[in-house]
Amino acid sequence: MRYVVVGTAGHIDHGKSALVRALTGVDPDRLQEEKVRGITIDLGFAHYARDDVNIAFVDVPGHERFVRNMLAGASGIDAVLLVVAANESVMPQTREHFDICRLLGVTTGVVALSKCDLVDGEMLELVQLETRELLEGTPLADAPVVAVSARSGAGLDRLRAALHDVAASLPVRAADGAARLPIDRVFTVRGFGTVVTGTLVSGTLDLDMDLDVLPGGRRVKVRGLQVHGRQERAAGPGQRVAVNLQGVEVGDLGRGDTLVERGSLERTRRFDAVLTVLPSARAVRHGARVRCHHGTAEAMARVSLCGPTTMTANTDEPVFPTAIEPAAEAFVRVRLEEPLALTRGDRFVLRAYSPPMTIAGGQVLDPLPPRGRLRSRRGVARLQRLSSGGGLAGCIAVMAEEGAGRGVSRAALVPRLGVGAAVLDGTVVRVAAAGRVAVVGDLLVAPDELDAVRRRLLELAAEFHAAHPLEPGLPREEARERLGDRAAVAVFDHVVAELVAEGALVATDHLALTSHEVELSAEETRARESLAELFRASGLMPPGAGSVATAAGVSAELAERLLKLLVREGTLVKVEALFFHVEHLSRLRADVTGLKSAASGPARIDVGMFKERFGVTRKYAIPLLGYLDRERITRRVGDVRLVL
């Protein structure tokens with residue numbers, strides 16, 4: 001079964017609801033006030049099936065005061081049933097509704113000339129000509145136009161056939177996206193609790209599925225599903241769905257909320273887009289306050305003009321517009337006063353703040369744009385790349401570049417690009433194979449940015465060697481911190497590993513260029529020899545670090561650097577705060593080990609015995625015994641040590 005959602009459009013009292021009732025047998029006007037006043041105020045729903053096509057109708061109000069309700073109903077429709085009364089012809093709301101459908105990207109539909117039983121053939125022909133004039137130059141220019149009467153039934157079979165043909169020609173919506181259902185109704189069913197309805201614009205819903213409600217962020221679970229009144233275990237894209245929710249009260253939800261698969265969408269207060277101003281509207285000025293309609297939601301917003309969608313490549317800084325003229329197109333950033341849940345590729349409509357009339361519409365390029373100067377050649381160039389024919393692969397490359405050395409995670413790309421994880425992963429493989437991005441764990445990084453991190457890391461190592469020639473290299477953590485603002489930890493580790501593999505870097509706790517060698521001046525060479533001899537001569541009671549410089553006759557700063565060098569070279573061993581010559585510690589280990597072979601039983605040694613045997617004071621005995629424990633020569637048991 002193919003499921004198609006058709007939205008009605010047209011002026012008030014042109015017979016939209018009557019046609020839906022005649023086609024389906026269901027009255028879409030469900031409110032008592034609608035029945036009393038004889039007009040549609042809120043959204044109405046009905047459906048019928050023919051052969052393998054199930055058509056769900058969303059009936060919208062035609063009065064100008066209820067255009068916001070019409071916009072909520074028009075979101076997610078596949079085709080439009082444009083209704084023009086034969087006794088009145090094209091009217092203001094006919095044009096506005098038709099403009100809204102065009103702005104929302106609805107390119108398929110059928111035109112019904114309603115109330116044809118009230119006019120003669122000449123009048124009907126005139127209305128048909130005026131209707132064709134309205135459609136001229138639009139995707140609906142060749143749409144079927146059917147004269148029909150809901151009262152007499154004339155033309156209903158032709159209208160059904162035309163709707164069936166249109167429905168059969170529509171592409172099947174892909175089911176591999178993330179589940180997303182903009183809510184258009186919320187109510188309570190006795191014994192079940194909270195129920196919401198809407199058109200499932202992408203993905204699938206399953207029983208017991210965990211979902212988020214955005215923009216509020218509440219978590220819910222699917223308790224039950226109905227598609228056109230029938231209980232189902234799953235619902236697919238393009239279907240009108242009623243969802244029984246667990247974990248939320250009816251008062252916590254409303255039209256404008258969206259059910260989404262967890263992690264698939266994020267709320268935002270600003271987005272970048274391509275905006276087209278209607279030919280009949282006034283110019284949209286930079287900073288204009290507008291009403292932004294997206295899905296079933298509405299929010300106040302301000303429009304920042306980024307620049308034209310085409311820009312010549314000259315050396316001068318372009319002059320950015322202060323307004324978008326009627327029928328013109330431009331890049332914009334929409335700054336929302338309340339958060340919305342949207343993603344790349346979504347359509348939206350802007351209406352003037354006052355008087356509330358439809359003025360423009362567009363398509364989202366980036367729902368979560370990075371910060372940066374908007375009205376600049378670079379800003380426009382970025383938006384041109386996002387809107388060009390590069391598709392998903394091109395957008396991944398752009399967003400990876402924006403992340404610089406910090407990259408962008410796959411999880412962050414899913415809500416920005418509006419695709420499922422499987423589609424994203426497949427595209428990433430192709431983009432990486434083409435060399436447009438580098439994959440570093442979960443991050444995607446532009447190759448040029450990786451090269452920049454490599455160059456900077458080598459520069460830091462070289463600068464450190466120049467400033468500290470006796471040091472083993474730049475401490476690894478210091479290098480990571482100094483690159484922290486331009487490289488993620490995973491990127492840093494990846495670059496280090498690559499440089500080591502290439503033989504450009506030696507990496508331990510320090511990072512050193514492989515070409516780096518410690519070179520001592522004549523003075524430093526003499527000082528090193530003096531220090532080594534000093535510790536060789538002092539045995540197991542060496543001088544403290546504070547008195548080494550005086551004893552060796554060198555400066556404190558030079559003594560400190562040379563002590564570190566002697567430790568790295570293995571001449572000295574640091575034991576707590578003391579330095580011992582390696583020769584003395586080697587003899588100490590051998591002497592203590594020899595106690596075991598000389599003893600008839602277990603060899604034990606305590607502090608007093610150690611002091612007496614090796615001629616040291618307690619100041620040296622305690623650190624040396626600790627050293628022997630760490631070297632696994634001895635093991636402390638109470639106040640004594642056992643020789644292992």
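Throughout this tour, buried means under 20% relative accessible area, exposed means over 50%, and partly exposed covers what lies in between (1.4 Å probe, protein chains only). The structure is a predicted model, in which local features need pLDDT of at least 70, side-chain atom pairs count only at pLDDT 80 or more, and totals for chains, interfaces and linings use all residues. Residues are numbered from 1 along each chain as its sequence is written, and side-chain values use heavy atoms, with hydrogens and water left out. Helices (H or I, at least four residues) and strands (E, at least two) are DSSP runs, numbered from the N terminus.

**Stop 1: a loop residue**

Start by selecting Ala327, in the loop between strand 21 (323-324) and strand 22 (329-341). Its relative accessibility is 54%, so Ala327 counts as exposed. Check the backbone too: Ala327 is not a glycine, yet its phi is positive, about 70°.

**Stop 2: helix 4**

Next, select residues 92-103, which form helix 4. The 12 residues of helix 4 should span 16 Å at 1.5 Å a residue, and the end C-alpha atoms are 17 Å apart, which agrees; the expected span is 1.5 Å times one less than the number of residues.

How many of the 12 residues of helix 4 are buried? The count is 9, so helix 4 is largely enclosed by the rest of the structure. Color them if you like: Gln93, Thr94, Glu96, His97, Phe98, Asp99, Ile100, Cys101 and Leu103.

Pause on Asp99, which lies in helix 4 and counts as buried at 14% relative accessibility. Leaving aside residues up to four places away in sequence, Asp99 touches Leu278 and Ser280, where contact means heavy atoms within 4.5 Å. Then step just past the end of helix 4 to Gly105, which takes a positive phi of about 80°.

**Stop 3: Lys115 and helix 5**

On the way to helix 5, click on Lys115, found in the loop between strand 5 and helix 5. Lys115 has a positive phi of about 55° although it is not a glycine. Is this side of the loop open or closed to solvent? For Lys115, the relative accessible area is 22%, which makes it partly exposed.

Now select residues 121-135, helix 5, with 15 residues. From first C-alpha to last, helix 5 reaches 21 Å, close to the 21 Å expected at 1.5 Å a residue. Show the side chains of Leu124, Val127, Thr131, Leu134 and Leu135, which are buried. Turn the view to look down the axis of helix 5: the buried residues fall within an arc of 90°, so they line one face of the helix. That arc is taken from the directions from the helix axis to the C-beta atoms.

What covers the buried residues of helix 5? The cover includes strand 4 (79-85), helix 4, strand 5 (109-114) and strand 6 (145-147). Rotate to the other side of helix 5 and you will find Glu122, Glu125, Leu129 and Glu133 exposed. Helix 5 is followed by Gly137, whose phi is positive, near 80°.

**Stop 4: two cis prolines**

Move on to Pro215, in the loop between strand 11 (210-214) and strand 12 (218-227). The peptide bond that leads from Leu214 to Pro215 is cis, with omega near 10°. Then go to Pro355, in the loop between strand 23 (347-352) and strand 24 (358-366). Here a cis peptide bond joins Ser354 and Pro355, with omega about -5°.

**Stop 5: Gly441**

Select Gly441, in the loop between strand 26 (438-440) and strand 27 (443-445). Gly441 counts as exposed, at 63% relative accessibility. Add His494 to the selection: 53 residues separate it from Gly441 along the chain, and their C-alpha atoms are 9.0 Å apart.

**Stop 6: helices 14 and 16**Finish with helix 14 (residues 522-537) and helix 16 (residues 556-569), which pack at an angle of about 70° with their axes 10 Å apart. Axes are lines fitted to C-alpha atoms, for helices over the stretch in contact, and angles run from 0 to 180 degrees between N-to-C directions. Helix 14 and helix 16 are therefore roughly perpendicular to each other; angles of 65 to 115 degrees count as such, under 35 as roughly parallel, over 145 as roughly antiparallel and the rest as oblique.

To see the contact, show Glu523, Glu524, Ala527, Arg528, Leu531, Ala532 and Phe535 of helix 14 with Leu558, Ala559, Arg561, Leu562, Leu563, Leu565, Leu566 and Glu569 of helix 16.

Last, pick Gly553, in the loop between helix 15 (545-552) and helix 16. Gly553 is exposed, with a relative accessible area of 64%. Gly553 and Leu531 are 22 residues apart in sequence and 9.2 Å apart in space, C-alpha to C-alpha.
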